[in-house]
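Student: I would like to learn how to read a ligand site and a helix. Can we work through one model together?

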Amino acid sequence: MEYYSTRNTTKRMSASEAIAKGLAPDGGLYVPAVLPPVDLKALKELLPLSYGERAKRILKIYLPEYSPQELDRLVASSYGANFDTAAVAPLRFTDSLTGYLELWHGPTSAFKDMALQMLPHLLTASLRKLGEQRGVCILVATSGDTGKAALEGFADVPGTKILVFYPRDGVSDVQKLQMVTQTGKNVGVCAVEGNFDDAQTGVKRIFSDRAFAEELSERGWFLSSANSINWGRLLPQIVYYFSAYCDFVNSGRIKCGEPVNFCVPTGNFGNILAGWMATAMGLPVTRFICASNANNVLTDFIRTGVYDRRRPFHLTTSPSMDILVSSNLERLLFFLSKDAERVTEWMRQLSAEGCYDVGTELKRLIGRDFEAGFCDDEGTAAEIARVWHENGYLIDTHTAVASKVLGDYRQRTGDRAPAIVVSTASPYKFCDSVLRALGEQTDAPGTELIARLERVTGTVAPAPLSGLAGRAVRFDGCVAPEGQKQVVADFLK
Ligand SMILES: *Cc1c(COP(=O)(O)O)cnc(C)c1O
(Lines give C-alpha, C1' and ligand atoms only; values in the text may rest on other atoms or scores of the structure.)
Protein backbone atom coordinates (compact mmCIF):
# COMPACT_ATOMS: atom_id res chain seq x y z
CA MET A 1 0.00 0.00 0.00
CA GLU A 2 1.48 3.28 -1.13
CA TYR A 3 0.58 6.79 -0.03
CA TYR A 4 1.03 10.16 -1.69
CA SER A 5 0.03 13.79 -1.24
CA THR A 6 -3.23 15.24 -2.55
CA ARG A 7 -1.07 17.90 -4.23
CA ASN A 8 1.64 15.73 -5.79
CA THR A 9 1.23 12.05 -6.69
CA THR A 10 4.73 11.42 -7.99
CA LYS A 11 6.39 10.88 -4.62
CA ARG A 12 5.19 7.62 -3.03
CA MET A 13 5.76 6.47 0.52
CA SER A 14 4.76 3.92 3.16
CA ALA A 15 2.01 4.33 5.75
CA SER A 16 4.68 4.76 8.43
CA GLU A 17 6.25 7.68 6.57
CA ALA A 18 2.87 9.32 5.96
CA ILE A 19 1.96 9.01 9.65
CA ALA A 20 5.35 10.20 10.88
CA LYS A 21 5.28 13.25 8.58
CA GLY A 22 1.65 14.29 9.22
CA LEU A 23 1.34 17.06 6.66
CA ALA A 24 3.05 16.77 3.24
CA PRO A 25 5.82 19.32 2.57
CA ASP A 26 3.77 20.67 -0.39
CA GLY A 27 0.92 21.52 2.00
CA GLY A 28 -1.21 18.56 0.86
CA LEU A 29 -2.67 15.69 2.88
CA TYR A 30 -1.53 12.09 2.58
CA VAL A 31 -3.94 9.59 1.01
CA PRO A 32 -3.66 5.91 0.11
CA ALA A 33 -3.07 5.42 -3.63
CA VAL A 34 -5.94 2.90 -3.76
CA LEU A 35 -9.01 2.12 -1.64
CA PRO A 36 -8.94 -1.69 -1.74
CA PRO A 37 -12.26 -3.53 -2.13
CA VAL A 38 -13.91 -5.40 0.73
CA ASP A 39 -16.41 -7.68 -1.03
CA LEU A 40 -19.64 -9.11 0.36
CA LYS A 41 -17.92 -12.31 1.45
CA ALA A 42 -15.28 -10.38 3.42
CA LEU A 43 -18.01 -8.18 4.88
CA LYS A 44 -19.97 -11.25 6.03
CA GLU A 45 -16.85 -12.53 7.76
CA LEU A 46 -16.82 -9.39 9.91
CA LEU A 47 -20.34 -10.00 11.24
CA PRO A 48 -19.56 -12.38 14.15
CA LEU A 49 -16.37 -10.57 15.17
CA SER A 50 -15.71 -8.22 18.09
CA TYR A 51 -14.88 -4.57 17.46
CA GLY A 52 -11.17 -5.26 17.94
CA GLU A 53 -11.16 -8.15 15.48
CA ARG A 54 -13.06 -6.10 12.90
CA ALA A 55 -10.52 -3.32 13.43
CA LYS A 56 -7.60 -5.66 12.72
CA ARG A 57 -9.14 -6.81 9.41
CA ILE A 58 -9.59 -3.24 8.18
CA LEU A 59 -6.34 -1.80 9.53
CA LYS A 60 -4.32 -4.65 8.00
CA ILE A 61 -5.36 -3.49 4.51
CA TYR A 62 -3.81 -0.07 5.05
CA LEU A 63 -0.83 -1.10 7.21
CA PRO A 64 0.75 -3.98 5.28
CA GLU A 65 4.10 -3.42 6.99
CA TYR A 66 2.58 -4.39 10.37
CA SER A 67 2.91 -7.99 11.52
CA PRO A 68 -0.17 -9.76 12.97
CA GLN A 69 1.43 -9.45 16.44
CA GLU A 70 1.91 -5.71 15.96
CA LEU A 71 -1.73 -5.34 14.90
CA ASP A 72 -2.83 -7.34 17.95
CA ARG A 73 -0.84 -5.03 20.22
CA LEU A 74 -2.04 -1.90 18.42
CA VAL A 75 -5.71 -2.80 18.78
CA ALA A 76 -5.41 -4.16 22.33
CA SER A 77 -3.72 -1.01 23.60
CA SER A 78 -6.18 1.30 21.78
CA TYR A 79 -9.56 -0.31 22.51
CA GLY A 80 -9.44 -2.09 25.86
CA ALA A 81 -10.29 -1.14 29.43
CA ASN A 82 -9.95 2.53 28.42
CA PHE A 83 -13.46 2.17 26.93
CA ASP A 84 -16.42 1.74 29.29
CA THR A 85 -18.10 -0.90 27.11
CA ALA A 86 -16.68 -4.04 25.49
CA ALA A 87 -18.64 -3.12 22.36
CA VAL A 88 -16.36 -0.03 22.05
CA ALA A 89 -18.74 1.69 19.59
CA PRO A 90 -22.27 0.33 20.22
CA LEU A 91 -25.29 0.97 18.00
CA ARG A 92 -28.46 2.03 19.88
CA PHE A 93 -31.80 1.83 18.06
CA THR A 94 -34.66 4.24 18.65
CA ASP A 95 -36.91 2.55 16.06
CA SER A 96 -36.69 -0.18 13.41
CA LEU A 97 -35.06 2.14 10.88
CA THR A 98 -32.80 4.33 13.00
CA GLY A 99 -29.66 3.56 15.00
CA TYR A 100 -27.34 5.92 16.87
CA LEU A 101 -23.67 4.95 16.64
CA GLU A 102 -22.20 5.90 20.04
CA LEU A 103 -18.57 6.92 19.54
CA TRP A 104 -18.12 8.38 23.01
CA HIS A 105 -17.36 5.47 25.32
CA GLY A 106 -13.65 6.33 25.51
CA PRO A 107 -11.83 8.20 28.29
CA THR A 108 -12.89 11.74 27.29
CA SER A 109 -16.50 10.96 26.32
CA ALA A 110 -16.22 12.24 22.74
CA PHE A 111 -15.51 10.63 19.37
CA LYS A 112 -11.97 12.01 19.08
CA ASP A 113 -10.95 9.16 21.41
CA MET A 114 -11.70 6.64 18.64
CA ALA A 115 -8.66 7.97 16.77
CA LEU A 116 -6.55 9.53 19.53
CA GLN A 117 -6.44 6.36 21.60
CA MET A 118 -4.75 4.72 18.60
CA LEU A 119 -2.64 7.50 17.07
CA PRO A 120 0.13 7.42 19.75
CA HIS A 121 0.69 3.71 19.16
CA LEU A 122 0.60 4.15 15.37
CA LEU A 123 3.01 7.06 15.60
CA THR A 124 5.55 5.36 17.87
CA ALA A 125 5.42 2.15 15.79
CA SER A 126 5.94 4.20 12.61
CA LEU A 127 8.91 6.03 14.11
CA ARG A 128 10.45 2.73 15.21
CA LYS A 129 10.06 1.30 11.71
CA LEU A 130 11.78 4.37 10.26
CA GLY A 131 14.67 4.01 12.72
CA GLU A 132 13.98 7.25 14.56
CA GLN A 133 16.08 7.37 17.73
CA ARG A 134 14.77 10.58 19.29
CA GLY A 135 11.68 10.85 21.45
CA VAL A 136 8.64 12.68 20.08
CA CYS A 137 7.04 15.55 21.98
CA ILE A 138 3.48 16.36 20.93
CA LEU A 139 2.68 20.04 21.16
CA VAL A 140 -1.00 21.03 21.16
CA ALA A 141 -2.87 24.32 21.31
CA THR A 142 -6.47 23.48 22.13
CA SER A 143 -9.80 25.21 22.38
CA GLY A 144 -10.97 22.35 24.59
CA ASP A 145 -11.76 18.83 23.45
CA THR A 146 -8.80 17.86 21.29
CA GLY A 147 -6.28 18.75 24.01
CA LYS A 148 -7.88 16.46 26.55
CA ALA A 149 -8.30 13.61 24.05
CA ALA A 150 -4.64 13.94 23.01
CA LEU A 151 -3.52 13.98 26.68
CA GLU A 152 -5.44 10.78 27.36
CA GLY A 153 -4.05 9.17 24.23
CA PHE A 154 -0.40 9.96 24.85
CA ALA A 155 -0.32 9.67 28.67
CA ASP A 156 2.41 7.19 29.66
CA VAL A 157 3.07 6.03 26.08
CA PRO A 158 6.81 5.17 26.05
CA GLY A 159 9.03 7.37 23.87
CA THR A 160 6.56 10.26 23.90
CA LYS A 161 5.77 13.39 25.86
CA ILE A 162 2.81 15.70 25.43
CA LEU A 163 2.43 19.37 26.31
CA VAL A 164 -0.92 21.13 25.94
CA PHE A 165 -1.53 24.89 25.94
CA TYR A 166 -5.07 26.14 26.48
CA PRO A 167 -6.38 29.73 26.45
CA ARG A 168 -7.01 30.96 30.00
CA ASP A 169 -10.13 32.78 28.84
CA GLY A 170 -11.44 30.26 26.34
CA VAL A 171 -12.41 26.89 27.83
CA SER A 172 -15.30 25.76 30.02
CA ASP A 173 -14.97 24.82 33.73
CA VAL A 174 -15.27 21.15 32.92
CA GLN A 175 -12.82 21.29 30.03
CA LYS A 176 -10.25 23.06 32.17
CA LEU A 177 -10.67 20.61 35.06
CA GLN A 178 -10.35 17.68 32.66
CA MET A 179 -6.97 18.97 31.50
CA VAL A 180 -5.38 20.27 34.72
CA THR A 181 -6.15 17.02 36.56
CA GLN A 182 -4.62 14.85 33.79
CA THR A 183 -2.48 12.01 35.14
CA GLY A 184 0.63 10.49 33.54
CA LYS A 185 4.38 10.92 33.96
CA ASN A 186 4.97 12.38 30.46
CA VAL A 187 2.24 15.04 30.33
CA GLY A 188 2.24 18.82 30.80
CA VAL A 189 -0.57 21.38 30.70
CA CYS A 190 -0.23 25.16 30.77
CA ALA A 191 -2.67 28.07 30.45
CA VAL A 192 -1.86 30.96 28.10
CA GLU A 193 -3.01 34.53 28.70
CA GLY A 194 -5.50 35.44 25.98
CA ASN A 195 -7.72 33.50 23.60
CA PHE A 196 -7.28 30.38 21.45
CA ASP A 197 -5.58 32.30 18.64
CA ASP A 198 -2.93 33.62 21.03
CA ALA A 199 -2.16 30.11 22.27
CA GLN A 200 -2.10 28.71 18.74
CA THR A 201 0.07 31.47 17.34
CA GLY A 202 2.60 30.76 20.10
CA VAL A 203 2.67 27.06 19.22
CA LYS A 204 3.06 27.77 15.49
CA ARG A 205 6.00 30.07 16.28
CA ILE A 206 7.69 27.29 18.24
CA PHE A 207 7.16 24.79 15.38
CA SER A 208 8.86 27.14 12.89
CA ASP A 209 11.85 27.94 15.15
CA ARG A 210 14.71 26.05 13.45
CA ALA A 211 17.38 26.87 16.03
CA PHE A 212 15.12 25.67 18.84
CA ALA A 213 14.43 22.43 16.95
CA GLU A 214 18.18 21.79 16.72
CA GLU A 215 18.67 22.50 20.38
CA LEU A 216 15.90 20.02 21.27
CA SER A 217 17.30 17.46 18.82
CA GLU A 218 20.64 17.54 20.63
CA ARG A 219 18.73 16.70 23.79
CA GLY A 220 17.08 13.75 21.98
CA TRP A 221 13.67 15.23 21.20
CA PHE A 222 11.68 16.46 18.23
CA LEU A 223 8.30 18.18 18.08
CA SER A 224 5.19 16.88 16.35
CA SER A 225 1.45 17.55 16.38
CA ALA A 226 -1.63 15.35 16.83
CA ASN A 227 -3.47 17.28 14.16
CA SER A 228 -6.70 15.92 12.68
CA ILE A 229 -5.24 15.91 9.16
CA ASN A 230 -2.75 13.14 10.05
CA TRP A 231 -3.55 9.88 8.23
CA GLY A 232 -3.10 8.14 11.57
CA ARG A 233 -6.19 9.94 12.86
CA LEU A 234 -8.36 9.18 9.84
CA LEU A 235 -7.56 5.49 9.47
CA PRO A 236 -9.02 4.28 12.82
CA GLN A 237 -12.29 6.02 11.94
CA ILE A 238 -12.93 3.85 8.85
CA VAL A 239 -13.36 0.84 11.15
CA TYR A 240 -16.48 1.98 13.01
CA TYR A 241 -18.46 2.45 9.80
CA PHE A 242 -17.91 -1.22 8.98
CA SER A 243 -18.62 -2.18 12.56
CA ALA A 244 -21.87 -0.19 12.77
CA TYR A 245 -23.11 -1.76 9.54
CA CYS A 246 -22.36 -5.24 10.93
CA ASP A 247 -24.26 -4.41 14.12
CA PHE A 248 -27.25 -3.21 12.06
CA VAL A 249 -27.24 -6.54 10.20
CA ASN A 250 -26.79 -8.51 13.42
CA SER A 251 -29.81 -6.75 14.94
CA GLY A 252 -31.95 -8.46 12.28
CA ARG A 253 -33.25 -5.18 10.84
CA ILE A 254 -31.44 -5.47 7.48
CA LYS A 255 -29.83 -8.21 5.40
CA CYS A 256 -26.11 -8.16 4.72
CA GLY A 257 -25.67 -6.26 1.45
CA GLU A 258 -28.75 -4.06 1.88
CA PRO A 259 -27.74 -0.37 1.83
CA VAL A 260 -28.11 2.15 4.66
CA ASN A 261 -27.63 5.92 4.96
CA PHE A 262 -25.31 7.61 7.46
CA CYS A 263 -25.92 11.08 8.88
CA VAL A 264 -22.77 12.65 10.35
CA PRO A 265 -22.36 15.84 12.44
CA THR A 266 -19.50 17.46 10.59
CA GLY A 267 -16.80 20.05 11.31
CA ASN A 268 -13.44 19.32 9.76
CA PHE A 269 -14.92 16.62 7.47
CA GLY A 270 -12.71 13.86 8.96
CA ASN A 271 -15.44 11.66 10.39
CA ILE A 272 -17.71 11.70 7.34
CA LEU A 273 -14.76 11.23 4.97
CA ALA A 274 -13.73 8.06 6.81
CA GLY A 275 -17.27 6.78 6.20
CA TRP A 276 -17.11 7.65 2.53
CA MET A 277 -13.80 5.78 2.25
CA ALA A 278 -15.49 2.71 3.77
CA THR A 279 -18.12 2.97 1.05
CA ALA A 280 -15.53 3.41 -1.67
CA MET A 281 -14.14 0.08 -0.37
CA GLY A 282 -17.55 -1.56 -0.80
CA LEU A 283 -19.60 -0.91 2.34
CA PRO A 284 -23.25 -0.77 1.19
CA VAL A 285 -24.20 2.86 1.80
CA THR A 286 -26.51 4.86 -0.44
CA ARG A 287 -25.89 8.29 0.97
CA PHE A 288 -23.88 10.28 3.49
CA ILE A 289 -25.85 13.14 4.91
CA CYS A 290 -23.52 15.92 6.00
CA ALA A 291 -25.00 17.75 9.01
CA SER A 292 -23.78 21.23 10.00
CA ASN A 293 -24.77 23.81 12.58
CA ALA A 294 -25.23 27.51 11.75
CA ASN A 295 -21.70 27.44 10.29
CA ASN A 296 -23.20 25.83 7.20
CA VAL A 297 -20.43 26.30 4.65
CA LEU A 298 -20.51 22.56 3.81
CA THR A 299 -24.29 22.54 3.26
CA ASP A 300 -23.87 25.24 0.64
CA PHE A 301 -20.86 23.51 -0.89
CA ILE A 302 -22.56 20.15 -1.33
CA ARG A 303 -25.65 21.80 -2.81
CA THR A 304 -23.84 24.23 -5.16
CA GLY A 305 -20.25 23.08 -5.72
CA VAL A 306 -19.01 26.46 -4.48
CA TYR A 307 -16.99 26.56 -1.26
CA ASP A 308 -17.16 30.05 0.21
CA ARG A 309 -15.73 30.72 3.63
CA ARG A 310 -16.41 34.48 3.43
CA ARG A 311 -19.27 34.55 5.90
CA PRO A 312 -19.82 35.34 9.59
CA PHE A 313 -18.46 32.84 12.11
CA HIS A 314 -21.09 31.70 14.64
CA LEU A 315 -20.42 30.45 18.16
CA THR A 316 -22.99 27.68 18.65
CA THR A 317 -24.05 25.10 21.23
CA SER A 318 -22.22 22.47 19.12
CA PRO A 319 -18.77 24.11 19.36
CA SER A 320 -16.75 21.21 17.91
CA MET A 321 -18.45 21.95 14.59
CA ASP A 322 -17.78 25.70 14.64
CA ILE A 323 -15.48 25.56 11.64
CA LEU A 324 -15.38 27.45 8.34
CA VAL A 325 -12.44 25.65 6.72
CA SER A 326 -12.97 21.88 6.66
CA SER A 327 -9.45 20.60 6.01
CA ASN A 328 -10.30 17.00 5.19
CA LEU A 329 -12.56 18.04 2.31
CA GLU A 330 -9.32 18.29 0.31
CA ARG A 331 -9.02 14.51 0.47
CA LEU A 332 -12.52 13.97 -0.94
CA LEU A 333 -11.84 16.42 -3.78
CA PHE A 334 -8.71 14.46 -4.60
CA PHE A 335 -10.37 11.03 -4.47
CA LEU A 336 -13.17 12.18 -6.77
CA SER A 337 -11.09 14.24 -9.22
CA LYS A 338 -7.79 12.30 -9.04
CA ASP A 339 -6.24 15.58 -10.11
CA ALA A 340 -3.54 16.95 -7.79
CA GLU A 341 -3.10 20.07 -9.92
CA ARG A 342 -6.74 21.11 -9.68
CA VAL A 343 -6.78 20.35 -5.94
CA THR A 344 -3.70 22.53 -5.48
CA GLU A 345 -5.38 25.35 -7.40
CA TRP A 346 -8.63 25.15 -5.37
CA MET A 347 -6.68 25.25 -2.12
CA ARG A 348 -4.68 28.23 -3.40
CA GLN A 349 -7.92 30.03 -4.22
CA LEU A 350 -9.33 29.16 -0.80
CA SER A 351 -6.42 30.76 1.04
CA ALA A 352 -6.03 33.72 -1.35
CA GLU A 353 -9.68 34.52 -2.09
CA GLY A 354 -11.63 32.50 0.50
CA CYS A 355 -13.61 30.75 -2.22
CA TYR A 356 -13.47 28.13 -5.00
CA ASP A 357 -15.83 26.42 -7.44
CA VAL A 358 -15.30 22.74 -8.30
CA GLY A 359 -17.45 22.86 -11.44
CA THR A 360 -20.52 20.93 -12.54
CA GLU A 361 -18.97 17.50 -13.16
CA LEU A 362 -17.38 17.20 -9.72
CA LYS A 363 -20.48 18.69 -8.09
CA ARG A 364 -22.51 15.90 -9.73
CA LEU A 365 -20.12 13.25 -8.39
CA ILE A 366 -20.35 14.71 -4.89
CA GLY A 367 -24.14 14.82 -5.14
CA ARG A 368 -24.25 11.12 -5.99
CA ASP A 369 -22.80 10.20 -2.57
CA PHE A 370 -23.65 13.18 -0.34
CA GLU A 371 -26.68 15.09 0.84
CA ALA A 372 -26.45 18.02 3.24
CA GLY A 373 -28.45 20.00 5.75
CA PHE A 374 -28.01 22.25 8.76
CA CYS A 375 -29.70 23.04 12.03
CA ASP A 376 -29.46 26.14 14.28
CA ASP A 377 -29.21 26.18 18.09
CA GLU A 378 -32.97 26.41 18.54
CA GLY A 379 -33.58 23.38 16.34
CA THR A 380 -30.78 21.54 18.16
CA ALA A 381 -32.39 22.10 21.57
CA ALA A 382 -35.83 21.11 20.27
CA GLU A 383 -34.38 17.88 18.84
CA ILE A 384 -32.71 16.95 22.18
CA ALA A 385 -36.09 17.41 23.91
CA ARG A 386 -37.98 15.50 21.20
CA VAL A 387 -35.67 12.46 21.23
CA TRP A 388 -35.69 12.43 25.04
CA HIS A 389 -39.48 12.65 25.35
CA GLU A 390 -40.31 10.29 22.47
CA ASN A 391 -37.60 7.68 22.99
CA GLY A 392 -36.17 8.19 26.49
CA TYR A 393 -32.80 8.53 24.77
CA LEU A 394 -30.49 11.40 25.73
CA ILE A 395 -28.23 12.91 23.04
CA ASP A 396 -25.71 15.75 23.02
CA THR A 397 -25.89 18.91 20.91
CA HIS A 398 -23.66 17.63 18.06
CA THR A 399 -25.61 14.39 17.74
CA ALA A 400 -28.85 16.40 17.86
CA VAL A 401 -27.76 18.42 14.82
CA ALA A 402 -27.36 15.18 12.86
CA SER A 403 -30.56 13.69 14.25
CA LYS A 404 -32.56 16.75 13.16
CA VAL A 405 -30.91 16.89 9.74
CA LEU A 406 -31.74 13.20 9.17
CA GLY A 407 -35.39 13.85 10.08
CA ASP A 408 -35.51 16.80 7.68
CA TYR A 409 -33.90 14.71 4.94
CA ARG A 410 -36.41 11.91 5.35
CA GLN A 411 -39.28 14.35 5.20
CA ARG A 412 -37.90 16.26 2.23
CA THR A 413 -37.03 13.23 0.10
CA GLY A 414 -39.37 10.53 1.34
CA ASP A 415 -36.29 8.27 1.61
CA ARG A 416 -37.13 5.89 4.46
CA ALA A 417 -34.02 3.71 4.11
CA PRO A 418 -32.47 2.40 7.32
CA ALA A 419 -30.13 5.07 8.67
CA ILE A 420 -27.40 5.51 11.23
CA VAL A 421 -26.91 8.80 13.08
CA VAL A 422 -23.29 9.13 14.14
CA SER A 423 -23.29 10.19 17.82
CA THR A 424 -20.08 12.07 18.60
CA ALA A 425 -20.26 13.08 22.26
CA SER A 426 -21.83 12.03 25.53
CA PRO A 427 -24.68 14.38 26.53
CA TYR A 428 -22.75 14.87 29.81
CA LYS A 429 -19.96 16.58 27.92
CA PHE A 430 -22.34 19.43 27.06
CA CYS A 431 -24.40 19.42 30.22
CA ASP A 432 -25.52 23.04 30.26
CA SER A 433 -26.94 23.04 26.72
CA VAL A 434 -28.61 19.67 27.27
CA LEU A 435 -30.18 20.78 30.58
CA ARG A 436 -31.42 23.99 28.98
CA ALA A 437 -32.92 22.00 26.10
CA LEU A 438 -34.88 20.01 28.69
CA GLY A 439 -36.12 23.24 30.31
CA GLU A 440 -33.86 23.01 33.40
CA GLN A 441 -31.81 25.68 35.22
CA THR A 442 -28.07 25.89 34.51
CA ASP A 443 -27.01 28.41 37.20
CA ALA A 444 -24.22 26.30 38.78
CA PRO A 445 -20.59 25.27 38.19
CA GLY A 446 -20.07 22.63 35.50
CA THR A 447 -19.38 19.78 37.90
CA GLU A 448 -22.71 20.38 39.71
CA LEU A 449 -24.57 20.39 36.40
CA ILE A 450 -23.35 16.86 35.77
CA ALA A 451 -25.08 15.70 38.96
CA ARG A 452 -28.16 17.73 38.04
CA LEU A 453 -28.47 16.07 34.62
CA GLU A 454 -28.21 12.67 36.32
CA ARG A 455 -31.05 13.60 38.71
CA VAL A 456 -33.30 15.06 36.04
CA THR A 457 -32.98 12.17 33.57
CA GLY A 458 -32.14 9.20 35.77
CA THR A 459 -29.20 8.45 33.45
CA VAL A 460 -25.61 7.96 34.63
CA ALA A 461 -22.67 10.20 33.71
CA PRO A 462 -19.49 8.59 32.35
CA ALA A 463 -17.17 7.91 35.32
CA PRO A 464 -14.33 10.22 34.19
CA LEU A 465 -16.77 13.16 34.14
CA SER A 466 -18.64 12.47 37.38
CA GLY A 467 -15.32 11.89 39.19
CA LEU A 468 -13.85 15.23 38.10
CA ALA A 469 -14.84 17.30 41.12
CA GLY A 470 -12.76 15.15 43.46
CA ARG A 471 -9.56 15.03 41.41
CA ALA A 472 -6.34 16.82 42.35
CA VAL A 473 -5.21 19.76 40.21
CA ARG A 474 -1.70 18.97 38.90
CA PHE A 475 -1.07 21.94 36.60
CA ASP A 476 -1.73 25.56 37.59
CA GLY A 477 0.83 27.40 35.42
CA CYS A 478 -0.15 30.35 33.21
CA VAL A 479 2.16 32.25 30.86
CA ALA A 480 2.02 35.06 28.30
CA PRO A 481 2.25 33.80 24.68
CA GLU A 482 5.93 34.87 24.57
CA GLY A 483 6.57 32.53 27.50
CA GLN A 484 5.39 29.36 25.77
CA LYS A 485 8.80 28.53 24.28
CA GLN A 486 10.44 28.55 27.70
CA VAL A 487 7.73 26.20 28.99
CA VAL A 488 8.60 23.76 26.18
CA ALA A 489 12.33 24.09 26.90
CA ASP A 490 11.79 23.36 30.62
CA PHE A 491 9.44 20.48 29.83
CA LEU A 492 12.09 18.75 27.68
CA LYS A 493 15.07 19.34 30.03
C1 LIG B 1 -14.60 16.98 16.33
C2 LIG B 1 -16.05 16.77 16.57
C3 LIG B 1 -16.99 16.78 15.51
C4 LIG B 1 -16.60 17.07 14.07
O5 LIG B 1 -15.88 16.01 13.49
P6 LIG B 1 -15.05 16.25 12.16
O7 LIG B 1 -14.28 15.00 11.94
O8 LIG B 1 -14.16 17.42 12.45
O9 LIG B 1 -16.01 16.53 11.07
C10 LIG B 1 -18.32 16.54 15.81
N11 LIG B 1 -18.73 16.33 17.08
C12 LIG B 1 -17.87 16.32 18.11
C13 LIG B 1 -18.38 16.11 19.48
C14 LIG B 1 -16.50 16.53 17.91
O15 LIG B 1 -15.65 16.53 18.95
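We take the ligand first, then two helices.

Tutor: Keep in mind that this is a predicted model.

Student: Which residues come nearest to the ligand?

Tutor: Start with the shell. The ligand has 14 residues around it, and K112, G267, N268, N271 and T424 come nearest. By class, the shell has five nonpolar, eight polar and one charged residues.

Student: Which atoms of G267, N268 and T424 pair with the ligand?

Tutor: Look for N and O pairs within 3.5 Å. A polar backbone atom of G267 sits 2.8 Å from an oxygen atom of the ligand. For N268, a backbone N or O atom is 2.7 Å from a ligand oxygen. T424 uses its side chain: an N or O atom there lies 2.9 Å from a nitrogen atom of the ligand. Then check cover. The ligand alone exposes 390 Å², and the protein buries 96% of that.

Student: How far apart are the end C-alpha atoms of helix 20?

Tutor: Compare the span with the expected rise. Helix 20 (residues 446-457) has twelve residues, and at 1.5 Å a residue they should span 16 Å. Its end C-alpha atoms are 17 Å apart, which agrees.

Student: Which residues of helix 20 are buried?

Tutor: G446, L449, I450, R452, L453 and T457. Seen down the helix axis, they fall within an arc of 165°, so they line one face of helix 20.

Student: Is S78 buried or exposed?

Tutor: Buried means under 20% relative accessible area. S78 is at 0%, so S78 counts as buried. S78 belongs to helix 4 (residues 68-78). A polar atom of the S78 side chain lies 2.6 Å from the backbone oxygen of L74.

How values were computed. Residues are numbered from 1 along each chain as its sequence is written. This is a predicted model: local features need pLDDT of at least 70, side-chain atom pairs count only at pLDDT 80 or more; totals for chains, interfaces and linings use all residues. Side-chain values use heavy atoms; hydrogens and water are left out. A residue is near a molecule or strand if one of its heavy atoms lies within 4 Å of it. A polar contact is a pair of N or O atoms within 3.5 Å; within protein, one must be able to donate a hydrogen and the other to accept it, and residues adjacent in sequence count only if both atoms are side-chain atoms. Accessible areas come from the Shrake-Rupley method with a 1.4 Å probe; for residues, only the protein chains shown count as cover. Ala, Val, Leu, Ile, Met, Phe, Trp, Tyr, Cys and Pro count as nonpolar, Asp, Glu, Lys and Arg as charged, and the others, Gly among them, as polar. Helices (H or I, at least four residues) and strands (E, at least two) are DSSP runs, numbered from the N terminus. The expected span of a helix is 1.5 Å times one less than its number of residues. Buried means under 20% relative accessible area, exposed over 50%, partly exposed in between (1.4 Å probe, protein chains only). The arc is that of the directions from the helix axis to the C-beta atoms.
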